[in-house]
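User: I'm new to this structure and would like a close look at a single part of it. Could you walk me through one helix and what surrounds it?

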Amino acid sequence: MPTVGIKKLLLDKHFNRIYSEKEFDELCFEYGLELDEIAAVEKERGTNAATNLNDQEVYKIDIPANRYDLLSVEGLSRAIRIFKQEIPAPKYTFAPIPKSGLQKIIVKKETAAIRPFVVGAVLRNIQFDADNYASFIDLQDKLHQNICRKRTLVAIGTHDLDTIQGPFEYRAEAPKDIKFRPLNQTKEYTAEELMTLYSSDSHLKAYLPIIQNHPKYPVIYDSKGVVCSMPPIINGEHSKITLNTKNVLIEATATDKQKAFVVLDTIVTLFSQYCAKPFEVEQVEVVYEESGEKELYPLLSYREMTVTTPEINTKIGINLDDQTMATLLNKMSLEAQVVSPKTLKIVVPPTRHDILHACDIAEDVGVAYGYNNLVLRLPESNTVAVAFPINKLCDNLRIEIAAAGWTEALNFALCSRDDISAKLRQPKALEHAVHIGNPKTLEFQVARTSLLPGLLKTLASNRDMPLPLKLFELQDVIVKDSTTALS
């Protein structure tokens, strides 16, 4: 669960009122969050960094891992103020196409071998100050550590659009052929030299292995040959954003397109409030050179869902009427209306990518209703729990294997198609796998047919650990039953 640290003065500014510590703690709890601790700026940033700062309080708030829209003070304050019905939920719109046309990013075919996807957006006439600029940078870092999985899935680049010129090209080139001045450096380096330079950098060295062993590195150029970024490592100094930046180009390269959608939507929805026309975003056209396919980003899509009030009431254990439930959902930034008796239509905004199922709707109803308001009651049946024999046997085996000096791994039951086929050199394995009908990510496309892919991934992620690595896993695998016909 990520923790967001926000200065108390900044919270007061965004909430447009001053909360005491107790009041804010209760407010967080009411919205389903937790105020973890209160620290001083010196403790938050380090004594040296805070030499010229006042001793300000920093509120550290625990955020649910799937609520990316709450990872900055802009999103957190907006969501809670909507919840308190102080402000209406904003409507996110696309800016008119400029006379010169949309900015374009042309994707070269060679990028498919290393980092195949890119998305982009433009924030026009944005007003930065010291606080929202710091929040803008901090949000990118939070997303990199969270949904982006330390830049392995998505890497974000932000640029001062007035310093570069489109159309942009997303290429993959040999490291010796890439030369530019990286962020906060005073001279140019080749990509090979950067790998050496950053191998001792405490912040960037963790990202080098993502591309280090590839013969070609991804790089984004503008129309004049200026390097904008070398994802997922570093941006160029030439297009660095500052407090004076007015037009921001946001690009995100990815190995997982779905994650890239979410990341881009999150950034533009949270920070478009600082544009001259709040909550208006200019799209970027992405052109895949090999296929000729054209895509517009960001999507900012509003999704519709239909739920029944009896289903939600049953999941929570309450008995709300249709209109009351719709009102509660509107407090959670979900536009809900009664379309027929016992049926609600929910419009999910682009900030709420965590809403995937009716269970998520029920959770939001529970938060808005207040879990403390639920009536405690005894279970309707009385049973005595007993472990299944197979589970008891597995538990005993785990204890014995662990006692012999082995370390247990616990991996996801879902994996990608490549994990059980191409990476294991078993192309026919997919014939026996159970496939997910509508996978939300490339990581979870099928149910695992073997424990080997998960163990190999665990080994790959722990190569810096001392040898020998004695790993074991004792879990279920799922294969299709060829004797059972689907109805």
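Analyst: Happy to! A residue counts as buried here when its relative accessible area is under 20%. With that in hand, and keeping in mind that this is a predicted model, let's turn to helix H4, which covers residues 73-83.

How many residues of H4 are buried? Eleven of the eleven are, so H4 is largely enclosed by the rest of the structure. Going along the helix, the buried residues are Val73, Glu74, Gly75, Leu76, Ser77, Arg78, Ala79, Ile80, Arg81, Ile82 and Phe83. Charged residues such as Glu74, Arg78 and Arg81 are on that list of buried residues too. After H4 comes Gln85, which has a positive phi, near 60 degrees.

Next, a helix that H4 meets. Two packed helices are described by the angle between their axes and the distance between the axes. For helix H1 (residues 8-15) and H4, the axes come within 10 Å and cross at roughly 45 degrees. An angle that is neither roughly parallel, roughly antiparallel nor roughly perpendicular counts as oblique, and H1 and H4 are therefore oblique to each other. Their crossing is right-handed.

Which residues make this contact? On the H1 side they are Leu10, Leu11, His14 and Phe15. H4 contributes Val73, Glu74, Leu76, Ser77, Ile80 and Arg81. Sorted by class, the contact has six nonpolar, two polar and two charged residues. The H4 residues in this contact, Leu76 and Ile80 among them, also appear in the list of buried residues.

H1 has a strand just ahead of it in the numbering: strand S1 covers residues 3-7, and H1 begins at residue 8. S1 is joined to strand S3 by five bridges, and the two strands run antiparallel. One pair to look for is Lys7 with Val58, its bridge partner in S3. S3 itself spans residues 57-62, and five of its six residues are buried, so S3 is also largely enclosed by the rest of the structure.

To put the picture together: H4 is buried along its whole length, and H1 crosses H4 obliquely with a right-handed crossing. S1, in turn, is bridged to S3. If you start at Leu10 and Leu11 of H1 and look towards Leu76 and Ile80 of H4, you will be viewing residues that take part in the contact between the two helices.

Technical notes:
Residues numbered from 1 in each chain as written. Predicted model: local features only at pLDDT ≥ 70, side-chain atom pairs only at ≥ 80, totals over all residues. Heavy atoms only, no water. Axes fitted to C-alpha atoms, helices over the stretch in contact; angles between N-to-C directions. Helix = DSSP H or I, 4+ residues; strand = E, 2+ residues; numbered from the N terminus. Parallel < 35°, antiparallel > 145°, perpendicular 65-115°, else oblique. Left-handed = near helix turned anticlockwise from the far one by under 90°. Contact = heavy atoms within 4.5 Å. Nonpolar A, V, L, I, M, F, W, Y, C, P; charged D, E, K, R; others polar. Buried < 20%, exposed > 50% of the residue type's maximum accessible area, 1.4 Å probe, protein only. Pairing = 2+ DSSP bridges.
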